[in-house]
Amino acid sequence: MPRRERPATPKVIVTRRLPPSVEARMGELFETRFNVEDRPMNRAELAAAMADCDVLVPTVTDQIDADLLAQAPDRLQLLASFGNGVDHIDLKAARKRRIIVTNTPGVLTEDTADMTMALILSVPRRLAEGEKLIRSGAWSGWSPSAMLGHRIGDKRLGIVGMGRIGQAVARRARAFGLSIAYHNRHRLPEAVEAETGAVYHADLDDLLRESDILSVHCPLNADSKGLIDAAKLALLKPSAYVINTSRAEIADEGALIDALETGRIAGAGLDVYAHEPAVDPRLLALSNVTLLPHMGSATFEGREATGARVIANIRTWVDGHRPPDQVLEGWI
C-alpha cells in the first residue's frame, strides 16, 4: 500500500495534562490541543479526538480498542503514547489500520525500581502501619515487642519479569543483602546474571516456592494476564510478601485479597489496581498491605523525559523516518 503523506505541521491532540515544559515545546513544534481540565476522556471524547488529529498522544488510562480504531479516519496516522506500557492499545487493530504506535521505553526504569524497593522495605517492616499509628494518636511509646516486622537481609527476592525494571530492582535489592532469583521468558546473559547476582528459574512454580518476597515486573499481555492466580499464590510461603508495581491484571486481585485476608501470605505492597481509580474496599481494610496511588513513575524528571521521547517520536515521524520507539515493525 502507498505511504500516506505526513503533514509538515501535524495536528496533535494530548489526552491529559503534561509537564509545562513539555506542553510548551509541543505547542512550539506542532498544532497542539491540550486537555486543560486534565479529566480522563470518555470513549466518545476519545473517538472525537481521533477523528480530528494526525497524531494522538494518549496515556495508559486511555483504552484504545479495536472499535475505537475502526472509527478513526485515515487522517490519524500516529499514536504517540505517553508511557512505557502499550496494553491499553489494541496493537493488531492499529496495525490493520496502518496507524503507527510508539511508546517511551526506559525513561521510567529507575523511578519505578526506586518505588519498588521502597515497598520491599516498607511492607515487611510495617512502615505504613507505623505512620498511621503515629497519626492516630494511639502510640504509647517504644516497647521491645511493639511493631515487630521482618528484616529483609538474607531473604530471597523472586522477580517475575527480568527486563529493564526487574534488573534495576535486582541491583538495588542486592545492596540490601537480598539474594535474587528470577523467572523470565528467556534466560539473561551470564554477564547480566553476574552483575545482578540473579539465579534463573525456568519453572515459575519453583521460584514461587523459594521466594520470601515476590516482585512482579512483566508486561501485561495475553500470556501474563492472571499469571499469579490462586494456585500460584498457594505456592508461596505463609511468610511471603507480594509486591506489584507493574499491572494489576497480572495477579488475580480477588485471589490476592483472599490470600491476605486468610493469612495465606504475610502482606503485600501495591501500586496498581484492577479497577483504577477504584480500590477494592477489602484492600483498604487490611493492615498488612501498603497501598500507593499508581505513583511508581511519578517524578518530575521522569515525566519530562517521557514527554521528550514523545516529541522525538513525533518529530522523527514528521521527517519521514521510522520513530525510534515504534512498537511494531514494518509500517514506515
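Strand S6 (residues 156-160) and strand S7 run parallel and are joined by five bridges. Within this pairing, Gly 158 has Ala 181 of S7 as its bridge partner. The connection between the two strands passes through helix H7 (residues 164-175), and this β-α-β crossover is right-handed. The model described here is predicted.

On its other pairing, S7 meets S8 in the parallel sense over three bridges. Ala 181 appears again here, with Val 199 in S8 as its bridge partner. From S7 the chain reaches S8 by way of helix H8 (residues 190-196), in a β-α-β crossover that is right-handed. Strand S7 is largely enclosed by the rest of the structure, because four of its five residues are buried.

The strands S7 and S8 are also linked through their side chains. The structure holds one aromatic pair, formed by Tyr 182 and Tyr 200. A pair of aromatic rings is described by the distance of the centres and the angle of the planes. For Tyr 182 and Tyr 200, the centres lie 5.2 Å apart and the planes make an angle of 45 degrees, a tilted arrangement. Tyr 182 belongs to strand S7 (residues 179-183) and Tyr 200 to strand S8 (residues 198-200), so the pair ties together parts that are 18 residues apart in sequence. The surroundings of each ring-bearing residue can be described by relative accessibility. Tyr 182 has a value of 0% and therefore counts as buried, whereas Tyr 200, at 22%, counts as partly exposed.

Further along the chain lies helix H11 (residues 253-261), in which Glu 253, Ala 255, Leu 256, Ile 257, Ala 259 and Leu 260 are buried. The cover over these buried residues includes two helices, H10 (230-233) and H12 (281-284), together with strands S10 (241-244), S11 (267-270) and S12 (289-291). At the N-terminal end of H11, Asp 252 acts as a cap, with a side-chain oxygen 3.1 Å from the backbone nitrogen of Gly 254. After the helix comes Gly 263, which has a positive phi near 75 degrees.

The record places these elements in a wider context. In an unreviewed UniProt entry, the annotation "domain: D-isomer specific 2-hydroxyacid dehydrogenase NAD-binding" covers residues 117-296. In the model, this span is 34% helix and 16% strand, and its end C-alpha atoms lie 10 Å apart. A further annotation from the unreviewed UniProt entry, "domain: D-isomer specific 2-hydroxyacid dehydrogenase catalytic", covers residues 14-327. That span is 38% helix and 13% strand, with 19 Å between its end C-alpha atoms.

Definitions and conventions. Residues numbered from 1 in each chain as written. Predicted model: local features only at pLDDT ≥ 70, side-chain atom pairs only at ≥ 80, totals over all residues. Heavy atoms only, no water. Buried < 20%, exposed > 50% of the residue type's maximum accessible area, 1.4 Å probe, protein only. Contact = heavy atoms within 4.5 Å. Polar contact = N/O pair within 3.5 Å; in protein donor to acceptor, adjacent residues only side chain to side chain. Phe/Tyr/Trp six-rings, centres within 6.5 Å; stacked < 30°, edge-to-face > 60°. UniProt positions renumbered as here; feature names shortened; annotations may be inferred. Pairing = 2+ DSSP bridges. Right-handed = clockwise from strand over helix to strand, strands pointing away.
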